[in-house]
Amino acid sequence: MPALRQLGDVIPLPAAVRPDSAGNFRIPADVSVTATPAAEDIAEQLVELLRRVTGRPVSRADGGSFRVLLEGSDDNGPLTEAYGLEIDRESVTLRAASNQGLFLALQTLRQLLPEERTTGEIILPGGRIDDQPRFAYRGTMLDLARHFFAPAEIRSYIDSIVQFKINHLHLHLTDDQGWRLEIPGWPRLTEVSGGAGTGVDGAGPGFLTAWEYADLVEYAASRYVTIVPEIDMPGHVNAAQVAYPELTRDGNPVGPRTDAEVGYSSLVADKERTYEFVEDVIRELAAMTPGPYLHIGGDEAFSTPPEDYRVFMSRVLPMAGKYGKQPIGWHEMAAVDLPPNAIPQYWRIEPADDGVARAAADGHQVIMSPADRSYLDMKYDDQTPLGLDWAGLVGVERSYDWDPADRLPGVGEEALLGVEAPLWSETLRSIADVQFMAFPRLAAIAEIGWTPRERRNWPSFRARVGAFGPRWTAQGVTFHRSPEIDWAE
Ligand code: TNX
């Protein structure tokens, strides 16, 4: 029989864990689940989970030993993700003021249960967890432009990340190599730049239709993941210019690019057609996106003169607000005067950044994604067959053992909306490649975003992630068996 799990053997580590070995709960032969009426959906997910693990029928009944309770006020305040999990000899109780909180409680409970069907007795460790996140934004990013991943693959990735309480998925939808989202009124974007031969080395064509995107947004929302769509501009736009030569300075056609160079393409700041295009894209994207954020890129605009960059951003950033959205941009945008609600995302490796510090002092929230800690496309070590190394090698301890509130002078805890781990796909060719680069490092970033700072430490994470290995295996998820970890069999 597998060893009894400890109540705190969960990633991310909960905010408060009080074990009580006198309260261990033996799952009975006749399991039943009770729920308050508004918690039906999570109750059904719990029934499914228990059926899968016990292999036995699970009923819905009053007075069931598993209880899913929606109670208290769901005011959508900062505690909307808070939940409690109580395990005693008689019952297992999930408690929250929102369904999102109950969903997160379920993710915790899942890690305390076996991953696979178990015929022997299953015992849950007694005690009580009271949990809530450190940061509201805990994200990861997939680059669909350098290599497209199909909706089914993205859905499976969402299923993998929600286990770690990741709640935002940023999709990098456009770049020099490809344009991956259908935009009404601009059909050539995807007909031409989503088609055959697009992607790095021409490997990775494809795009999301407007319908597929809507479906994906809905799938993510049902798992409490907000999609953050990115249209990268004014640089990284070669694919748009291939489809519509009117977007180049002289209107002459440009050829498709499948190399991994950056910084050579730019929208034209002093051409009205640019802004007609950008406003159409932002309006359509805002209409398709229920979440609060639109990411407008803004990185590596090396061929946009600084004054043009300023002019462009000053016109484009307010368009997000005009269509009801809050703009996020890579932190280069902090070089210009930002609208009050704009969110810079720090991605570089330098120890300080004046623009981001100034934005924080002006009251802007910041997303922290330093490449030398949080980039999932950096190699783990010099043996890693995939990935890049411009920000250095990023092993698992390196991705865990840092704190976002210490990363940039002038950008402390109060300025942080949260953390994000981007995954660029120049070297990736399959969803298994994505998983290999993401796991276990995304689990580290998830814990940084969720767990109170003073509770985190590497030896504890190292042990818990080692114990998670067989779960990934059972889920069919590829992960890097880093030699930094003692992997359980
Ligand atoms: C820099 S990070 C980029 C991307 C590349 C990435 C590769 C950022 C905002 N821009 O265009 O894909 O490096 O690591």
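Which residue lies over the face of Tyr264?

**View 1. Arg257 on Tyr264.** Arg257 does, at 3.7 Å from the ring centre. A charge counts as sitting over a ring if NZ of Lys or CZ of Arg is within 6 Å of the ring centre and within 35 degrees of the ring normal. Keep in mind that this is a predicted model, where local features need pLDDT of at least 70, side-chain atom pairs count only at pLDDT 80 or more, and totals for chains, interfaces and linings use all residues. Residues are numbered from 1 along each chain as its sequence is written, and side-chain values use heavy atoms, with hydrogens and water left out.

**View 2. Trp330 with Trp424, one of 23 aromatic pairs.** Rings of Phe, Tyr and Trp (its six-membered ring) pair if their centres lie within 6.5 Å; planes under 30 degrees apart are stacked, over 60 edge-to-face, the rest tilted. Here the centres are 5.6 Å apart and the planes at 40°, so the pair is tilted. Trp330 sits in strand β14 (strands, E, are DSSP runs of at least two residues, and helices, H or I, of at least four, numbered from the N terminus). Trp424 is 94 residues away, in the loop between β17 and α12. Trp330 is buried (under 20% relative accessible area, 1.4 Å probe, protein chains only) at 0%, and Trp424 is buried at 9%.

**View 3. Tyr400 stacked with Phe461.** The rings are 4.5 Å centre to centre, with 15° between the planes. Tyr400 is in helix α11 and Phe461 in helix α14, so the pair ties together parts 61 residues apart in sequence. Tyr400 is buried at 1%, Phe461 at 0%. The charged end of Arg456 also sits over the Tyr400 ring, 5.0 Å from its centre.

Technical notes: Buried means under 20% relative accessible area, exposed over 50%, partly exposed in between (1.4 Å probe, protein chains only).
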